[in-house]
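Reader: I have a structure open and want to read its charged pairs. Can you walk me through them?

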Amino acid sequence: MIRKLVIALSLIGSQGHAIDFYFCWQGGNDFTMTGQMTINPVALNKPVVSQDDVLVFRIAGYQNGQLLGKWDMATRDADDSWLLNYDPARSVFMTPDDVGLGVSQAWNADGTATDCGNPGFGFNLGNFAQDFCLDGVWIEESGMPPETPFLVSPVPVDPLCRVYAPTS
């Protein structure tokens, strides 16, 4: 029993502290999305971080600064779309061209962006566009070209994609 405890503690200690990342997506027609993900630092040594490496993930969608909806992996249903591909070397969410898939990000929205539930909110980055799903409906006017870079930040951002600056 002591041996099992020592092994378990060594594994926990070797993983270090989880690291938080933040992002803000700017879509068409004043649609934006903020989010946060927490990743085990061991996974950051991989060329691609997947949804299986993410410990915490949450998003909130807006239009003109007004909240439209939220989604997080902690409360997701088993049938919610959940696919994530993050390149830690470039600090970007990968596009379909990067990974050779039709959809590279599916956060409660699959390639059609119509499966987010009603009520519901989701985001999809597919080979047609980066866009929202709201209450089971694809929000076409939110879309951006699929190859648009989607950067990730080590510091929090607001719904207007401004980095929070520490106050003194």
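**Reading the salt bridges**

Author: Start with Asp87. Its side chain forms a salt bridge with Arg90, and the closest N and O atoms are 2.6 Å apart. Keep in mind that this is a predicted model.

Reader: What is the general idea behind such a pair?

Author: Side chains of opposite charge can pair when their charged atoms come close. Here the cut-off is 4 Å between a Lys or Arg side-chain nitrogen and an Asp or Glu carboxyl oxygen.

Reader: How many salt bridges does the rule give?

Author: The count is three.

Reader: Which side chain meets Arg90 besides the Asp87 pairing, and at what N to O distance?

Author: Asp98 does, in a salt bridge with Arg90 at 3.2 Å. Salt bridges thus link Asp87, Arg90 and Asp98 in a network.

Reader: Is Asp87 buried or exposed?

Author: Buried. Its relative accessible area is 10%, and the cut-off for buried is under 20%. Arg90 is partly exposed at 44%. Asp98 is also partly exposed, at 37%.

Reader: Which side chain meets Lys46 in a salt bridge?

Author: Asp53. The N to O distance is 2.8 Å.

Reader: Why does Asp53 count as buried?

Author: Because its relative accessibility is 14%, and buried means under 20%. Lys46, its salt-bridge partner, is partly exposed at 36%.

Reader: So I read each pair twice: once for distance, once for accessibility.

Author: Yes. Take Lys46 and Asp53: 2.8 Å from N to O, with Lys46 partly exposed and Asp53 buried.

Technical notes. Residues are numbered from 1 along each chain as its sequence is written. This is a predicted model: local features need pLDDT of at least 70, side-chain atom pairs count only at pLDDT 80 or more; totals for chains, interfaces and linings use all residues. Side-chain values use heavy atoms; hydrogens and water are left out. Buried means under 20% relative accessible area, exposed over 50%, partly exposed in between (1.4 Å probe, protein chains only).
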